[in-house]
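The following exercises ask the student to read a structure step by step. Each task is followed by a worked solution.

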Amino acid sequence: MIRFENVGLRYDMGPEVLRDLTFEIRRQSFQFLTGPSGAGKTSLLRMLFLALRPTRGLITVLGKDVATLSRKDLPSIRRRIGVVFQDFRLLDHMTTYENVALPLRVRGKEEHEYRQDVIDLIKWVGLGERLHALPIVLSGGEKQRAAIARALIDQPDILLADEPTGNVDAPLARRLLRLFLELNRSGTAVVIATHDLGLMDQVDARRLILSDGRLEIYD
Amino acid sequence: MTDVALRMMDARAFLIRTFHALRGDRQTPIVPPGNVAGRALTTVIAIMTFLAALTVGAVSLVSDTAARWENDISDEITIQVKPADGLDMKTALETVRQIALQTPGVRGASILDQTATSQLLEPWLGNNIDFKELPVPRLVIVQIDSGSPPNFAFMRDELQAAVPQAQLDDHRAWVSRLVAMARAMVLIGLFILSLVVVATVLTVIFATRGAMSGNRQIVEVLHFVGARSSFIAREFERHFLRLGLIGACVGGILAMIVFYLVGALTQSNRLTPEADQISALFGSFTIGWSGYVGVLVLLIVVAGLTALTSRLTVTRHLAEIDMISPVES
């Protein structure tokens with residue numbers, strides 16, 4: 001689904017922060033992306049969801065070479081990639097329901113078509129009681145789950161999550177992990193960027209480890 | 001799904017949203033309707049539109065007045081007949097009137113009667129004087145066709161031949177001075193108007209950009225959940241067009257109320273000597289239709305500009321966050 005070949009990234013004229021990355025995110029696969037702070041996990045994720053162009057190498061997303069994509073091609077590809085941001089990025093003036101429904105709304109779907117699906121998903125992530133709450137009154141964990149629900153609502157082919165358990169306690173982290181595994185079983189490829197070793201030890205999954213700008217893969 | 005199909009869906013979504021909005025069945029707007037930056041922007045737009053509308057009104061007033069001066073004065077000339085020994089004033093006036101009427105380009109001629117002449121001199125000589133005993137010059141007022149005016153030199157010669165005491169005054173010196181002054185006033189007014197409009201435009205642009213900076217996160221979220229740039233730009237454009245229209249309408253309508261009140265006030269005070277002088281200079285001191293049309297155009301321009309600025313700001317921000325190269329950024 002996503003393929004990197006000898007990808008390198010540098011900011012301005014500085015040294016390469018990511019070097020010779022070659023890997024593939026396969027359909028329906030589950031993997032952790034890890035490494036020490038500042039290793040370049042967020043930069044790699046940004047390249048995965050088409051927010052950053054590499055300085056060298058080839059990236060193919062859903063069969064398309066990103067170097068040849070024009071700006072108008074990007075939304076249709078982004079609609080197949082779900083992203084959970086580390087800082088959630090929920091819209092403060094919208095309720096949980098409206099935030100989760102946002103991707104469907106921008107795709108032009110009518111509310112009566114998706115209303116029940118959104119409510120079901122919000123209940124599935126355990127926020128059934130917080131349907132009409134604004135983000136300002138949600139706890140960190142609740143915001144995290146709302147952000148996850150928003151990334152999942154349109155059944156993406158790939159889910160990218162940046163530290164999705166960074167703001168939650170251990171039991172909730174396990175619950176979220178089960179949620180990601182369930183999603184993966186239903187056919188979505190999942191990439192979870194984390195440095196939570198405890199979380200990774202709970203699942204026998206592929207690990208992409210970034211260190212000194214290079215990637216080691218443990219299948 | 002193909003690109004065309006996605007675009008069709010976007011267009012369908014737009015139609016559906018419009019239909020729902022018309023039905024009054026609204027979802028929470030994607031761009032929050034009211035915040036401090038939005039209210040500040042509306043206030044700034046209202047104030048600048050008010051000032052610009054006042055300038056439009058003032059320029060329109062000066063321009064209309066200048067045109068009226070020019071027309072009033074150039075529509076009329078006077079022939080003065082000075083008294084002289086042995087001159088039968090009555091016959092001389094009638095001769096002058098007939099010569100005037102026979103000249104091509106003249107629409108009418110009338111003799112200013114004794115009473116009217118006395119009234120003209122009253123401010124200088126008072127009303128206790130018997131004018132019949134004074135050698136007062138008499139006037140013949142001639143209405144001319146300003147489109148094809150008579151040949152003044154020929155008319156002057158004819159009058160001199162028939163009545164040597166007759167003197168033609170075509171007000172040319174007055175007209176040229178007044179017209180030059182009026183045109184200078186209009187030019188100065190237009191210059192001030194252009195400065196005010198430029199200031200309004202710049203204020204609106206900077207205030208819109210300021211208000212937009214608080215919405216960067218919304219732009220980014222919409223972008224990363226797969227919204228097309230046109231969808232995001234349209235949402236912001238609609239929101240800022242609404243803010244711009246509210247601000248511009250408040251400012252413009254206030255300015256129109258001021259025009260109306262000033263007009264009504266000068267009408268009601270017309271009997272006082274001060275108001276009489278103002279009326280002599282500016283007529284009724286009311287803004288003509290061109291002033292009101294100018295204000296309406298201004299409203300549309302300001303609101304459109306606000307929407308356009310928000311669209312350009314969103315588009316530029318999207319270009320900044322869209323697949324940027326770290327080297328280029």
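**Exercise 1.** Among contacts in chain A between residues at least 6 apart in sequence, determine what percentage join residues at least 24 apart.

*Solution.* The model is predicted. Two residues count as in contact if their C-beta atoms, placed from the backbone, lie within 7 Å. Among the contacts in chain A that link residues at least 6 apart in sequence, 71% join residues at least 24 apart. As background to this value, chain A contains 7 helices and 10 strands. Of its 219 residues, 45% count as buried.

**Exercise 2.** Describe helix H5 of chain A: state its length, and establish how many of its residues are buried and what covers them.

*Solution.* Step one concerns length. H5(A) spans residues 140-152 and has 13 residues. From first C-alpha to last it reaches 19 Å, close to the 18 Å expected at 1.5 Å a residue.

Step two concerns burial. A residue is buried if 20 or more other C-beta atoms lie within 10 Å of its own. In H5(A), 11 of the 13 residues are buried, and the helix is thus mostly covered. Among them are A:Glu142, A:Lys143, A:Ile148 and A:Leu152.

Step three concerns the cover. The elements covering the buried residues of H5(A) include strands S6 (81-84) and S7 (158-162) of chain A, together with helices H3 (96-106), H4 (111-124) and H6 (170-185) of chain A.

**Exercise 3.** Determine how helices H3 and H5 of chain B are arranged, and which residues meet.

*Solution.* First, consider the axes. Those of H3(B), residues 89-102, and H5(B), residues 152-162, come within 10 Å and cross at roughly 150°. Angles over 145 degrees count as roughly antiparallel, and therefore H3(B) is roughly antiparallel to H5(B). The crossing of these two helices is right-handed.

Next, consider the residues. From H3(B), B:Thr95, B:Val96 and B:Ile99 meet B:Glu158, B:Leu159 and B:Ala162 of H5(B). The residues of this contact divide into 4 nonpolar, 1 polar and 1 charged.

**Exercise 4.** Is B:His223 buried or exposed? Which residues does B:His223 contact beyond its neighbours within four places in sequence?

*Solution.* Begin with location: B:His223 lies in helix H7 (residues 216-224) of chain B. B:His223 counts as buried because it has 23 C-beta neighbours inside 10 Å.

Now turn to contacts. Leaving aside neighbours within four places in sequence, B:His223 is in contact with B:Ile232, B:Leu318 and B:Ile321. B:His223 and B:Ile321 are 98 residues apart in sequence, yet their C-alpha atoms are 8.8 Å apart in space.

Definitions and conventions
Residues numbered from 1 in each chain as written. Chains lettered and ligands numbered in written order. Predicted model: local features only at pLDDT ≥ 70, side-chain atom pairs only at ≥ 80, totals over all residues. Axes fitted to C-alpha atoms, helices over the stretch in contact; angles between N-to-C directions. Helix = DSSP H or I, 4+ residues; strand = E, 2+ residues; numbered from the N terminus. Parallel < 35°, antiparallel > 145°, perpendicular 65-115°, else oblique. Left-handed = near helix turned anticlockwise from the far one by under 90°. Nonpolar A, V, L, I, M, F, W, Y, C, P; charged D, E, K, R; others polar. Buried ≥ 20, exposed ≤ 12 C-beta atoms within 10 Å, placed from the backbone. Expected span 1.5 Å × (residues − 1).
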